[in-house]
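Trainee: I should like to go through the reasoning behind several of the assignments in this entry. May I put my questions one at a time?

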Number of protein chains: 2
Amino acid sequence: MRCAAAQRVSRGCALTVTIREVADAAGVSTATVSRALSGVQTVDPELVARVRESAESLGYRANRVARALRRQSTQTVGLVIPDITNPFFPAVVQAIERELRHDGLSLLLCDAGNDVDVEAELVRNLFDHQIDGLLISACDRIASRPAVQLAASRVPVLQIDQQTVAEVPYVGVDQADAMGQIIGHLRDQGCQSFAYIGPRPEIPTARERFDAFADRVKPVDPAAANRTYLGDSSIAWGHEAANRILADGPPPDAIVCANDQAALGALQALREHGVKVPGDVALTGFDDTVLATACEPQLTSVSQPLEELGARAVRELSAAIGQELRQPRSVLLEASLVIRGSSRRLPPTG
Amino acid sequence: MRCAAAQRVSRGCALTVTIREVADAAGVSTATVSRALSGVQTVDPELVARVRESAESLGYRANRVARALRRQSTQTVGLVIPDITNPFFPAVVQAIERELRHDGLSLLLCDAGNDVDVEAELVRNLFDHQIDGLLISACDRIASRPAVQLAASRVPVLQIDQQTVAEVPYVGVDQADAMGQIIGHLRDQGCQSFAYIGPRPEIPTARERFDAFADRVKPVDPAAANRTYLGDSSIAWGHEAANRILADGPPPDAIVCANDQAALGALQALREHGVKVPGDVALTGFDDTVLATACEPQLTSVSQPLEELGARAVRELSAAIGQELRQPRSVLLEASLVIRGSSRRLPPTG
DNA sequence: CTGAAAGCGCTAACAG
DNA sequence: CTGTTAGCGCTTTCAG
């Protein structure tokens, strides 16, 4: 009489094949099947061949739930991000998922919708799933800390892009350096007075960008401190803020934006007022999203290495999960300035 | 002597608390704890209170891996998409994740990178995880079929946006109707000759859009069949195709694009050639992405109900997983035309 | 090198 | 209504 699995296959039922059935088919114990397939212990080559063949012909695939329960390791990592519709994330998420897969890990994705309470619940939920590691890009510079700290006490955690807890490793991009590149470029173009449009600094990168702007600009243009417009990350805010800049007095030589959305909104507002970009006002974005090349003139922006960010994050986390490291290491990547029409007032020197 | 969990807590270890420990603390059996917390069977109210209190104070959270193994249900669904960096997906994914969470389900996200072989492997992988259901937006109209069919033989499957297998339910948007709205609008604006720029119809929606264009335009402009430019979904292809249109003869009254990327590329090419939009040529996009409002003139486009798409998909799949339905039902949603400057040649009538 | 047996944490069947 | 017991599918001792 044939075994249960073969009967099911012959009946056309594509249901689950268990290790028991492979063992019966190969005439060995389940322990031997497990060892032969995982290669964790030396097994008679002939048995290995028989087991492989049986497994193959039955279409056996190990049940990861059962394995996880026994091994106390799910080979699964959680990813918590504030908002996948933020154009920054898709490329990062894609790289993360791909790299995890290469390491045999799977991804539980959670979108916190920029809500700290949801975020905390998501982290708890992920622990119910017994994740082996966590990647998190926090919603809030302060309010997200408890969730990150709790998580880090349980499994390897890597903060992505946003560092809210200094003690927990993170992989990010050097925001201050990037902002420095922007200001340096604008000064090279002859700009001497500056304004800033960006979101309120509720998350670390927003704050880093803003602080770096203030630092770099203060020596040249102390009055810039009075021309900082903090709202949200929308095109609408860029539009609104640019209107206020024009209403508040003579426009500065340059408007520095903390993201491309703000720059695009500002560009539209400036155009409506007949202010020429870059002739009257130089304009810069940040993040080098698809928006930067959609408008006319195209936006000078800062390109962050999104794929590398995701890939490095996984490499570090993965090493920590695989016990090669006690804890993931922090990594700081460099962004690169992409100069386009919105800020180009002088022909390139050289 | 105190139980193991209490000892760990007092030592500051935030490790896992098992149901055994809750049972000991409450002085009942593990079965009673399970019943009291899940509410699946009536339990003495006083015991329920004691159990709740113990669970609460120990910080007990059920291990979903163990539960899944026992219940033969992980409360987890897989989502396979071709490319998360395609601007269509983030909003859909966000809605899916949110709705799943409301139903107590978790999301395993997989990005196939537009590769059919990867896609097939991802589906197998998801089954190793014992997913309770699958949402899939297939990479290829033909080559993705085996993977979708295999999946559908195992768990409830819902095709998202792309229907590759007619027998498997799907949630999508009526592409033909949307294209009909575009053509109707352009004709209202007085356009009589048309060109089409889009991707090669490797996926169902691309084909539906193209076929609908051909159908609707043929009666008015038979020559349009010679002005169809099929490439990929990039801005670069839109640019290239528009250049070819201008090179191939006098421009048509309207260029219909299968996505906003193509329309944007075309807009840039037309501008470079001094062709006025919408004066000389009316132009339309598709999908109403962020690109549509980034350029000047802004693009007339078709807005698809992305959140609703995700939400409906989850509703149907969730019902099937919860046994309320044998199989998810198909849903066809309507898109809506968003008229902007790129196609507006006449003042609105009325 | 192989098999028997235990058990991961939970839930459901079965008695009481 | 509650406890005892078995067992989900797998891996890993422990004997042999």
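Trainee: How do the residues of the lining of the largest cavity divide into nonpolar, polar and charged?

Mentor: Please note that this is a predicted model. The lining comprises 6 nonpolar, 6 polar and 2 charged residues. Among the 14 lining residues, A:Val65, A:Thr76, A:His129, B:Val65 and B:His129 lie nearest the centre of the largest cavity. Helix H5 (64–71) of chain A and helix H5 (64–71) of chain B each supply at least two residues of that lining. The largest cavity holds about 220 Å³ of space.

Trainee: What makes the relation between chain A and chain B that of a two-fold axis?

Mentor: Chain A can be laid on chain B by a turn of 180° and a shift of 0.1 Å along the axis, with an RMSD of 0.1 Å. That is the relation of a two-fold axis.

Trainee: How do you know that the copies meet through the same surface?

Mentor: Of the interface residues of chain A, 100% are also interface residues in chain B, so the copies meet through the same surface.

Trainee: What makes the approach of B:Arg70 to a base oxygen of DNA strand C a polar contact?

Mentor: The cut-off for a pair of N or O atoms is 3.5 Å. An N or O atom in the side chain of B:Arg70 is 2.5 Å from a base oxygen of DNA strand C, so the pair is a polar contact. For B:Arg35, the side-chain N or O atom is 3.2 Å from a base nitrogen of DNA strand C, and this pair therefore also qualifies.

Conventions: Residues numbered from 1 in each chain as written. Chains lettered and ligands numbered in written order. Predicted model: local features only at pLDDT ≥ 70, side-chain atom pairs only at ≥ 80, totals over all residues. Heavy atoms only, no water. Least-squares fit on C-alpha atoms with pLDDT ≥ 70 in both. Contact = heavy atoms within 4.5 Å. 1 Å grid on protein atoms, 1.4 Å probe; cavity = no way out; pocket = protein on both sides within 12 Å on 5 of 7 lines; lining within 4 Å. Points joined across faces, edges and corners; volume = space filled by probe spheres on them. Helix = DSSP H or I, 4+ residues; strand = E, 2+ residues; numbered from the N terminus. Nonpolar A, V, L, I, M, F, W, Y, C, P; charged D, E, K, R; others polar. Polar contact = N/O pair within 3.5 Å; in protein donor to acceptor, adjacent residues only side chain to side chain.
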